[in-house]
Amino acid sequence: MGFITYHGMTAEQFLWAWLRSELLEPKELRFEASNLYYEALKDKLEGGKS
């Protein structure tokens, strides 16, 4: 299958790249919102509401 190319990769290179990214080195992507302004003023904001 070396004659089949996808984005400049041969089929073997594509298979190895896919196996490596999906099975050998899976990544868990999580979004964590960070609001630095809120974190800096959290104590004063929460203390004022009580």
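What pattern does the protein follow when read along the sequence?

## Overall layout

The pattern is β-β-α-α, read along the sequence. This corresponds to two helices and two strands in the protein. The model is a predicted one.

Confidence varies along the chain. The mean pLDDT of the protein is 77, and 82% of its residues reach 70 or more. Among the elements, α1 has the highest mean pLDDT, at 85, while β1 has the lowest, at 70.

## Surface and burial

Of the 50 residues in the protein, buried residues make up 2%. The protein exposes about 5200 Å². Carbon and sulfur atoms supply 60% of that exposed area.

## The nonpolar patch

Part of the surface is a nonpolar patch of about 560 Å². Five residues are named in this patch: Tyr6, Phe14, Trp18, Leu23 and Leu24. Helix α1, which covers residues 11-24, gives the most to the patch, with four residues.

Tyr6 belongs to another element, strand β1, which covers residues 5-6. Is Tyr6 buried, exposed or partly exposed? Tyr6 counts as partly exposed because its relative accessibility is 47%, and the partly exposed class lies between the limits of 20% and 50%. The strand that holds Tyr6 is also the element with the lowest mean pLDDT, whereas the helix that gives the most to the patch is the element with the highest.

## The salt bridge

How many salt bridges does the structure hold? The structure holds one salt bridge. The two partners are Lys42 and Glu39, whose side chains meet at 3.4 Å, N to O. Side chains of opposite charge can pair when their charged atoms come close.

Both Lys42 and Glu39 lie in helix α2, which covers residues 36-49. The two residues are three residues apart, about one turn of the helix. Lys42 is partly exposed, with a relative accessible area of 26%. Glu39 is also partly exposed, with a relative accessible area of 48%. The salt bridge therefore joins two partly exposed residues.

Note on methods
Residues are numbered from 1 along each chain as its sequence is written. This is a predicted model: local features need pLDDT of at least 70, side-chain atom pairs count only at pLDDT 80 or more; totals for chains, interfaces and linings use all residues. Side-chain values use heavy atoms; hydrogens and water are left out. Patches are made of residues with over 30% relative accessible area and no salt bridge: like charges are joined within 9 Å, nonpolar side chains (Val, Leu, Ile, Met, Phe, Trp, Tyr) within 5 Å. Accessible areas come from the Shrake-Rupley method with a 1.4 Å probe; for residues, only the protein chains shown count as cover. A salt bridge is a side-chain nitrogen of Lys or Arg within 4 Å of a carboxyl oxygen of Asp or Glu. Buried means under 20% relative accessible area, exposed over 50%, partly exposed in between (1.4 Å probe, protein chains only). pLDDT is the predictor's confidence in each residue, from 0 to 100.
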